[in-house]
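Me: I would like to go through this structure and ask what lies behind the labels. Please set each value against its cut-off.

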Amino acid sequence: MALGACRVIDMANAGLTLTMARMAPYLRVDPNGGAQTLVLPATALCAGLVCEILNAADAAETITLNDAAGTLVMSIAQNRACTIACDWTSWLGHKYTITLT
């Protein structure tokens, strides 16, 4: 499966379930109106997938990442990012801070 380099996602002030068609190596996500939940695709579909997710909110809006079963993977605050990886059975992640210019 070929994934595009970067994808911009506007959550439009609503939770969102990612499909494999919307995945990319880099996701720039804007909750757009408040804290939102982003549900990752099922792990059975994503073995070996690595993705960087940036919270590009213009205010203090948190993105909560859940797996397909609803289990918390991590939360990403405004201007923070994380790298997630799927090992076939679970999503693993690491958070870091960035500076948007």
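**Reasons behind the labels**

Reply: In this predicted model, L16 stands opposite L38 in β4.

Me: What makes β2 and β4 a pair of strands?

Reply: Two strands pair if there are at least two bridges between them. There are 2 bridges from β2 to β4 (residues 36-39), so they count as a pair, and they run parallel.

Me: Which strands are called edge strands, and why?

Reply: They are β2 (16-17) and β7 (72-76), because each pairs on one side only. The open sheet has the order β2-β4-β6-β7, with mixed pairing.

Me: Why does C46 form no disulfide?

Reply: A disulfide needs two cysteine sulfur atoms within 2.5 Å. The closest cysteine sulfur to that of C46 belongs to C86 and is 5.2 Å away, so it is too far for a bond. For C6, the closest is in C51 at 9.4 Å, also too far. The search of the whole structure finds 0 disulfides.

Me: Is C6 called buried or exposed, and why?

Reply: Exposed means over 50% relative accessible area. C6 has 52%, so it is exposed. C46 has 2%, which is under 20%, so C46 counts as buried.

Me: How do you know that E61 has no salt bridge?

Reply: A salt bridge needs the charged atoms within 4 Å. The nearest side chain of opposite charge, R28, is 12 Å from E61, so there is none, although E61 is buried.

Me: What makes the approach of N32 to E61 a polar contact?

Reply: The cut-off is 3.5 Å. The backbone nitrogen of N32 lies 3.4 Å from a polar atom of the E61 side chain, so the pair qualifies.

Technical notes: Residues are numbered from 1 along each chain as its sequence is written. This is a predicted model: local features need pLDDT of at least 70, side-chain atom pairs count only at pLDDT 80 or more; totals for chains, interfaces and linings use all residues. Side-chain values use heavy atoms; hydrogens and water are left out. Buried means under 20% relative accessible area, exposed over 50%, partly exposed in between (1.4 Å probe, protein chains only). Helices (H or I, at least four residues) and strands (E, at least two) are DSSP runs, numbered from the N terminus. Lys and Arg count as positive and Asp and Glu as negative; His and the chain ends are not counted. A polar contact is a pair of N or O atoms within 3.5 Å; within protein, one must be able to donate a hydrogen and the other to accept it, and residues adjacent in sequence count only if both atoms are side-chain atoms.
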